Amino acid sequence: MSASVYSLPALPYAYDALEPSISAQIMELHHSKHHQTYVNNLNAALRSYATASSSGDIAGQIALQGAIKFNGGGHINHSLFWENLAPASSSEAGDPQGSAPTLIKEIARTWGGLQEFKTAFTKVLLGLQGSGWGWMVRDGSQLRIITTKDQDPVVGGEVPILAIDFWEHAYYLQYLNGKAAYIENIWNVINWKTAEARFNGGSDDAFRVLKSSM
């Protein structure tokens, strides 16, 4: 049994492209250090799992499940997150109605409007205890706001539309303990075109970025 090998996906923008909402320092550390570490640890765990599987070591396979889930989730979540972002000056971030007309209409139907959605999302995300992620997902034909703990990904029947990383490494160097300010400013760099594509597609479309990292 051979193990899949994953690599760090390239960002579709420069490290400083999201300033002032997200600093170049945070982006470089977050992408080249934190995400790279998840990729490295995932590959190591998958190699060990392949060895354990080939030798029939069931206990070894079970022992590796936690590392695969945590580091695999970190790779999945960050790969989705990078594509969720775009420079504030771009049409993808600056014109939600033009970039995501179908999604914005459904957001208005569900929450009353885009601002009401942002308010609801912020409330849910600030209620997250410890580290984790905030998501807008499509569950069948319905939009919902959910959170996942640590690096748990959205891998059930729900389609991840939009993600916000709420680990301290995503904001602390710039915002310190100002979690609300981080959330407020990240809306300036959300890639609504990507969110629209995920809303109109399925799980395979949302996770296509992972195939390009193999």
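Which residue of β3 does R138 stand opposite? The partner is V159. This is a predicted model, and that pair is one way into it. Before following the strands, look at the whole chain.

The protein chain contains twelve helices and three strands. Does its overall spread fit a compact globule, or does it disagree with one? A compact globule of 214 residues would have a radius of gyration near 17 Å, and the protein chain has 18 Å, so the two agree. Along the principal axes, the C-alpha atoms fill a box of roughly 55 × 40 × 30 Å.

Now turn to the contacts. Take those between residues at least 6 apart in sequence. Of these, 69% join residues at least 24 apart. One pair of distant positions is G94 and I190. They lie 96 residues apart along the chain, yet their C-alpha atoms are separated by 8.5 Å. G94 sits in helix α4, which covers residues 91-94. Is G94 buried or exposed? Exposed means over 50% relative accessible area. G94 has 53%, so it counts as exposed.

Next, the surface. Buried residues make up 49% of the 214 residues. The accessible surface comes to about 9900 Å². Carbon and sulfur atoms account for 52% of that surface. The chain also carries 15 positive and 19 negative charges. How far apart are their mean positions? The answer is 4 Å.

Back to the strands. Strand β1 spans residues 132-139, and it pairs with two partners. With β3, β1 runs antiparallel, and six bridges join them. With strand β2, residues 142-149, β1 also pairs in the antiparallel sense, over eight bridges. G134 shows both pairings. In β3, G134 stands opposite I164. In β2, G134 stands opposite T147. R138, the residue we began with, stands opposite V159 in β3.

β1 and β2 form a hairpin, with two residues between the strands. There G140 takes a positive phi near 70°.

How covered are these strands? In β1, seven of the eight residues are buried, so under the 20% cut-off this strand is mostly covered. Strand β3 spans residues 159-165. Seven of its seven residues are buried, so β3 is largely enclosed by the rest of the structure. One general point helps when you look at the strands in the picture. In a regular strand the side chains alternate between the two faces of the sheet.

Key. Residues numbered from 1 in each chain as written. Predicted model: local features only at pLDDT ≥ 70, side-chain atom pairs only at ≥ 80, totals over all residues. Heavy atoms only, no water. Helix = DSSP H or I, 4+ residues; strand = E, 2+ residues; numbered from the N terminus. Rg over C-alpha atoms; globule rule 2.2 N^0.38 Å. Buried < 20%, exposed > 50% of the residue type's maximum accessible area, 1.4 Å probe, protein only. Contact = heavy atoms within 4.5 Å. Areas by Shrake-Rupley, 256 points an atom, 1.4 Å probe, with all protein chains shown as cover. Lys, Arg positive; Asp, Glu negative; His and termini not counted. Charge placed at Lys NZ, Arg CZ, Asp CG, Glu CD. Pairing = 2+ DSSP bridges.
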